[in-house]
Protein chains: 4
Amino acid sequence: MISFTCDYNEGAHPAILDALARTNFIQEPGYGADAFTESAKARIRKAVGCPEAEVFLLTGGTQTNSTVIATMLRDYQGVVAVETGHIAVHEAGAVEYTGHKVLTLPAHEGKMQADELSAYLARFYADGSYEHMVLPGLVYLSFPTEYGTLYSKAELTAIREVCDHYQLPLFVDGARLGYGLMSPECDLTLEELARRCDVFTIGGTKVGALCGEAVVFPSGKAPEHFFTMVKQHGALLAKGRLLGVQFDTLFTDGLYFRIARNAIGLAMQLKELFVSKGYELFLDSPTNQQFIVLTEAAAKALEGEVAYEVWETLPDGRAVTRFATSWATTPEQLATLAALLP
Amino acid sequence: MISFTCDYNEGAHPAILDALARTNFIQEPGYGADAFTESAKARIRKAVGCPEAEVFLLTGGTQTNSTVIATMLRDYQGVVAVETGHIAVHEAGAVEYTGHKVLTLPAHEGKMQADELSAYLARFYADGSYEHMVLPGLVYLSFPTEYGTLYSKAELTAIREVCDHYQLPLFVDGARLGYGLMSPECDLTLEELARRCDVFTIGGTKVGALCGEAVVFPSGKAPEHFFTMVKQHGALLAKGRLLGVQFDTLFTDGLYFRIARNAIGLAMQLKELFVSKGYELFLDSPTNQQFIVLTEAAAKALEGEVAYEVWETLPDGRAVTRFATSWATTPEQLATLAALLP
Amino acid sequence: MISFTCDYNEGAHPAILDALARTNFIQEPGYGADAFTESAKARIRKAVGCPEAEVFLLTGGTQTNSTVIATMLRDYQGVVAVETGHIAVHEAGAVEYTGHKVLTLPAHEGKMQADELSAYLARFYADGSYEHMVLPGLVYLSFPTEYGTLYSKAELTAIREVCDHYQLPLFVDGARLGYGLMSPECDLTLEELARRCDVFTIGGTKVGALCGEAVVFPSGKAPEHFFTMVKQHGALLAKGRLLGVQFDTLFTDGLYFRIARNAIGLAMQLKELFVSKGYELFLDSPTNQQFIVLTEAAAKALEGEVAYEVWETLPDGRAVTRFATSWATTPEQLATLAALLP
Amino acid sequence: MISFTCDYNEGAHPAILDALARTNFIQEPGYGADAFTESAKARIRKAVGCPEAEVFLLTGGTQTNSTVIATMLRDYQGVVAVETGHIAVHEAGAVEYTGHKVLTLPAHEGKMQADELSAYLARFYADGSYEHMVLPGLVYLSFPTEYGTLYSKAELTAIREVCDHYQLPLFVDGARLGYGLMSPECDLTLEELARRCDVFTIGGTKVGALCGEAVVFPSGKAPEHFFTMVKQHGALLAKGRLLGVQFDTLFTDGLYFRIARNAIGLAMQLKELFVSKGYELFLDSPTNQQFIVLTEAAAKALEGEVAYEVWETLPDGRAVTRFATSWATTPEQLATLAALLP
C-alpha cells in the first residue's frame, strides 16, 4: 500500500536525521539560544535576502499561525482571510481562542482577490457604525493555498498595495512554501515574496522536516517581546536545537528547494498521468496537491493499493480526491499508480 | 567546557535517533493516528498499570500544562498551585492567557502541604462572598518539584484525600517524572502515583527525548473532545510519529527508567562530592537537580571549564547554584568537575 | 427635530422612573439579592409560563449575548448564527473575545432557515476532519431579527427540531422581544417561544427601560455558577435593584406588552404612510423597525426636521433607510412626519 | 432594621432621579454620544483640572477594572497589585479572564509600599529568566483601599516615581474616590491625584449614583479604539444618557463631594461612638468603611435592628465587622445604633 494522502506521511529527509545524530551530544543552551538555531537563522536571512530579518523557529502550523496572528493584532482587531483559509476552517478555532475574529472574504480556488479586499475595506470604513465592529488588523494569505493554487507576482503585489493603502500588515502562511516556489508556474522568488510581506512562514513539517515552521519578519519588526509570547502560547521548545538543526540542514546548499522540486516534478507527472487517461481535474493545481475527479472504476482499481484523500462524493458516484506528492515521493510510487490506474 | 546547567543540553538518547531513522520511510497517517503512537500509548498504559488510561502525546511542558489545565477547568475555576510552581512563575502567564487564575499556596521547598490546602479550601467555602471569587477547580503539583524535592506516598495520599473531600481533580506535572521515581528516596511507584491522580504527565524532553510530554488520564476520563482542544492550543503535531516513536522507544524494555537512574546515580555522587569538600547544600535534593552554595573560590576554579546555573548571589559573595545531571551525563564529566573543585 | 433613528432615543417609561423614586431609600442588599429583583423574577417566571425558570438580570445587549454564549459553550465549541446576526457583526467581536467562533449561515431577511441549519450540521459531521474544526455548540437566533422580521411558530419549531436532533441548545436573543410578540403577524406567544428555547432574553433597554436584559433559562438549567461568571464578565451590577425595579415594573399589569403594542401600532401606521405615498419598502417588516427606500426629494423634505438612519445609498440616489418606532413614539411625531413627507 | 452593611444599599441621590425624570423625553443618540454625557465629561475634565483628559463612562466596578486593565496591557504583561486588591480577590477572576495575570505584592492595611514595588521590579529585571515570566505592565492601586485606608501625597508620589523609573503606567481604582478625598486625613486634592495617574476612575455606584464609573485618562492618552474595546467587553451602554445624566448631576455644584463629605462626617462619628464605648478598632480607617471588633454582647444587642458585615470571627468569640456609611446615611440611623450599642 502506498499513500498519496498528504505530504507528511514520512519522517524527515535523511540529511536531517544525520545532522541530528552528528550533533546529538554537543551541549547547547535551550530555548533557541543554541548555535544550530543561530546558524539556521543566518542561513534563512540570507535565503530570503533580508539581512535585517528577525527569524523564530516554532513547531507546528496551527501553533505558528495563532501565535503570529495573536501577537500582530491588538485586541480590537481581527484577521482577514478567505473563507477556505486554513485558519478559518481547519485550526479548531485557534485564532478565536486567542480572542480574535477571522474576517472572511470569498475564495477563488483558494485565493483572495485584491479588488475584493479593497472593496471590503472601503465598505468597512464607509460604514458609520464601524466602531461597533471588529477592525481589520492583518491580512492572511496562504502560499500555496489550501487548493494548491498560487498568487502571481502581480496578484500579490496588488494585495500588498491594498494593504499599504490601509496600513494593514500582510502575513503569508507558507506551510508549503517550498512547493509553491518550485512550481513551474510560480513567477515569484523567495526574495520577492519576502519583500511583499510583513511576516511569513517557511514550512518545514511538510517539506522534509520532522516538525518546524520558521517565522520570518523580513524588516526585523517582530512584535515586542515575541519570545515571551511564543512561550505564553506554549510554542517555545526547550530543546530549540531540534528546530535549529533541521532548518540549518534544510537551508544548507539549497536542500529545501531541491527536495521541494522533486515533489513538484512528480506532481506534474501525476497530473499528466490522470489527464492523459481522461480524468477530469477538479481544478488545475500547479503545486504538489492535485485534485482529481476519480471514477468509481478507478477507485475500485486502486483499492487496497494506493491511498489518497476523498474530499467529496459527487451525485454521479465520482469523487473529488486529493493526491499529494512530497519530498519523499518516488518515481516508483508513481509508476505503481500508473500501472494500476484504468 | 562541560555543562551542568540543565537537563536538556543534549539531543536524544541514541536509541531514539535509531528508531527515528529505522522507521523514517514507513508511511503513516498524521495527527497521532500512526502505529508508533498507538504502540507507545499501549506501552504507557501498561507501565502505569491502568489498562483504561487515555494517553495523549504533546510536544512541550508549558504547552502541556496550559492545555491540560485549561481543558480540565470550567470558566469560573482556577488552578491551585504553590507559589514556586512552574505554572505560577516560569510559563509566561500561559495559564492566565487561557483565562484562568493560578491560586497560590505557600511552598515548602517547592512542595504543597495537605493541611494548608485543606485550610485554604475550608476558608474559601466558609467565606460568604466566595461566589465573587475564582473557585478552585484543580490542584497542581510538580513531581519532582522545581526544587528537586519529592512528595512521599503519605504526603501525596494526604493531598489526594483533601482533593476527594472537595471533589477536586489532581494534576501532577511530571516533566522530570523519571528522575523522581528513580530517586532512592522515592517511596512511590509509577502505578501508585497514577492511582492518586486524575491526570499526570510523563516528561520526555528532560528524560532522553528530543521533545514530548505524555499526558495520562489514568481512569480514562479525558475532557470531551480533548483532541480538538489540543489542536486549538496549537499543540497537535502533524507528524505525530515524532512523538510516537520516541515514547515507544522510551517505554520499551524500561529505557525511560534506566536512563533516569543513570542521572540520579551521578547526581548523588555529585552531591556527595560537594558535601565531602565542605560545601553547603541550599537544600538537600533527592533528585537530579542539586542546589549547592558555591564559594567565590570554587566559582573561580570552575570558570570557563564547568557551567552551572546561578540562582542568587548571597551577601557574603557565595552563590546559590543549580547543578543538574541528566540521562546524558557521564562519569567523565563528573570526574572533570571533581578534579577542578577546590 | 424628531427622531426615528432607533428605539433607544429616550429615557425610560415614566412608571419606571416613578418606581425608582418610590423605592429609592428602601435599604436592600446588592448584586441582585434585593426584594425588587426577586419580585421581578417571579413575575417573569409567571409571564413566560415556566415556574421552574431561572432568571438573571443583566445590563446590556452585547454583554448579555457574550455572557450567555460563553457560558453555554465548552472551549471547543462555537455558536451558529446567520451572517447578519448581531453577534456576527455589530458586537465588536465580543464573542470571539471570549474565545469562541461565530459559525455563520446565510441570512434570509435576517432569518436562519431550518433546512440550511440541518444541511450544515449534516455536512459538518459527515466531514472526516471535523475534529480539526470548531464544533457547533449553540444556535443563536434573534427575535425579531436585525431586519425586523419574525420567525413563525412553524419556522421556530423546525429549527428546534434540528437542534433536538443534534442535541444543540437554542438561544433566542430577544433584545426587541416585546416588539416581536406584539406584531400582528406574530403567531407565537411568549410561553410558546419559551418552550422552544434553552435560553432567551427579554430586552428592556429598547422596550421602556433605562437599561436591562432579562436572561431566562425556561427549564431552570442555567450553567453552573452562572452568577460567578456574570461577575467575571463584568456584567454584575452592585445595585441590582436598578434592574429589579425596572423589570418588576415592566412585568406588572402587562406594561411591557402594552408599551410594545404602542410602538407596533405606530410602526404599522408609519409603513402604511410610506406605502400610500408610493415609497418602496426595502423589505416588509412586521415590527417596529421599518425599512424604507427614500427618494432624494423626501430626504430633502425631512432634512433638519425628522431624523432616521441611512443604511445604504443606491446608485439611483435613493437611500435604504430605517425608521424605528418605540414605546415612546407619539401619534404627534407620526403626524409631523406625515405632514412633511412628499 | 437599618443597614450599615455597605455603601450601595439605597438607590440614587434624589437630584439624580430628578434629572433623569426632567430629561426623560429629550431625544438623544445612543452609546455615549448624547449631550448629557458630553456635559458630564466637560464637568469632570474641569473637576480633575485636566482640560485634555479623555473621559469614558462605564457601568460597574469590576467591568471598569477589567476593561481598563486589559486595554492598557499588551498580551505579555500583567498588572501589579497588592494581594488584598479588589482585582486580586473579589472580581471572580475577571482580569485573568481577559488573559492577564495579577502580580501580587504584600498589602499593608490594604496599601502597596513604594519600596516593595521598587524591590520587586529590580528583582524581576535582575532575574536572567524574566523573559519566561509575565512582565509587569501596569500598577493598580485602590484609593481608598479595600480596608478604607488612604495613600498620602508622599506615598502616592513615591509610587509614581517608581512607575516612572520603570516606565509603568499607574491606574488608581477610585470606586470610593469621593470618600477618600473628603476624609480629614486626605492630603491629596483630586487634581493632585489626577496628575499622578495615567488612568483613574471616579466611582459613582457607591457615591450617589444608580450605577456608573467614570474612567479618566488625565493626559488624554486612552488606548487606541478604546470605544470599540469597551463594546467588546460588554461595557457599552446603549442608553449612555443614563450614565451621562448621573455624572452630569454629580459634578454640578460639587454634589459628588458634598454627599461624600456627609458619609465621612457620619463615619467619624460612628468610629468615635465605638471607641468611646471601649470597642477595639480592627484598623483605624479614615474613610467611610469602619472596621470594628464587636463583642458578642454587642452583636446580640444589635441583632434584628442593625445590620453590618462580618469579616471574621475571632477565637474569643468577638467578630471583625465592617460598618459602612454612605451618601444616604442619616444622623437618625447613627442615633439608632448609638442607642442600641452596649
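**Stop 1: chains A and B**

Select chains A and B. A rotation of 180° with 0.0 Å of shift along its axis lays chain A over chain B, at an RMSD of 0.0 Å. The two copies are therefore related as by a two-fold rotation axis. Both copies use the same surface: 100% of the contact residues of chain A recur in chain B. Keep in mind that this is a predicted model.

Now colour the contact between these two chains. Chain A puts in 45 residues, and chain B puts in 45 residues. Which elements of chain A should you highlight, counting those that give two or more residues to the side that touches chain B? Pick strand 1 (2-3), helix 1 (14-23), helix 3, helix 5 (94-97), helix 10 and helix 11 (241-250). Helix 3 of chain A supplies the largest share of this side, five residues. Colour the side by residue class and you get 19 nonpolar, 20 polar and six charged residues.

**Stop 2: chains A and D**

Hide chain B and show chain D. Here 14 residues of chain A are in contact with 14 residues of chain D. On the side of chain A that touches chain D, the elements giving two or more residues are helix 3 (61-72) and helix 10 (226-232). Which of the elements gives the largest share? That is helix 10 of chain A, with five residues. By class, this side of chain A holds five nonpolar, six polar and three charged residues.

Helix 3 and helix 10 of chain A are worth keeping highlighted. Both are listed for the side that touches chain B, and both are listed for the side that touches chain D.

**Stop 3: chain A alone**

Show chain A as a cartoon. Its secondary structure comes to 14 helices and 13 strands. Along its principal axes, the C-alpha trace spans about 60 × 55 × 35 Å. The radius of gyration of chain A is 21 Å, which agrees with the value near 20 Å that a compact globule of 342 residues would have. Of those 342 residues, 59% count as buried. Contacts reach along the sequence too: among those in chain A between residues at least 6 apart, 75% join residues at least 24 apart.

**Stop 4: the two domains of chain A**

Colour by domain. Select 2-7 together with 256-340 for domain 1, and 26-253 for domain 2. The C-alpha centres of the two domains lie 28 Å apart. Across the boundary, 17 residues of domain 1 are in contact with 20 residues of domain 2. On the domain 1 side, helix 12 (255-276) and strand 10 (289-294) each give two or more residues. Helix 12 of chain A gives the largest share, seven residues. The domain 1 side divides into ten nonpolar, five polar and two charged residues.

**Stop 5: helix 12 of chain C**

Move to chain C and select residues 255-276, which form helix 12. This helix has 22 residues and reaches 32 Å from its first C-alpha to its last, close to the 32 Å expected at 1.5 Å a residue. Show its side chains. Buried residues include Tyr256(C), Ile259(C), Ala263(C), Leu266(C), Leu270(C) and Phe274(C). Asn262(C) and Lys271(C) are also buried. An α-helix has 3.6 residues a turn, so residues three or four places apart point the same way.

What do the buried residues of helix 12 pack against? Select helix 8 (177-181), helix 11 (241-250), strand 10 (289-294), strand 13 (319-324) and helix 14 (331-340) of chain C. Finish at Gly278(C), which follows helix 12 of chain C and has a positive phi, near 90°.

Notes:
Residues are numbered from 1 along each chain as its sequence is written. Chains are lettered from A and ligands numbered from 1 in the order in which they are written. This is a predicted model: local features need pLDDT of at least 70, side-chain atom pairs count only at pLDDT 80 or more; totals for chains, interfaces and linings use all residues. Two residues are in contact if their C-beta atoms, placed from the backbone, lie within 7 Å. Helices (H or I, at least four residues) and strands (E, at least two) are DSSP runs, numbered from the N terminus. Ala, Val, Leu, Ile, Met, Phe, Trp, Tyr, Cys and Pro count as nonpolar, Asp, Glu, Lys and Arg as charged, and the others, Gly among them, as polar. The expected span of a helix is 1.5 Å times one less than its number of residues. A residue is buried if 20 or more other C-beta atoms lie within 10 Å of its own, exposed if 12 or fewer, and partly exposed in between; C-beta atoms are placed from the backbone. Copies are superposed by least squares on the C-alpha atoms of residues with pLDDT of at least 70 in both. Domain bounds come from an automatic or database domain assignment. The radius of gyration is taken over C-alpha atoms; the globule rule is 2.2 Å times the number of residues to the power 0.38.
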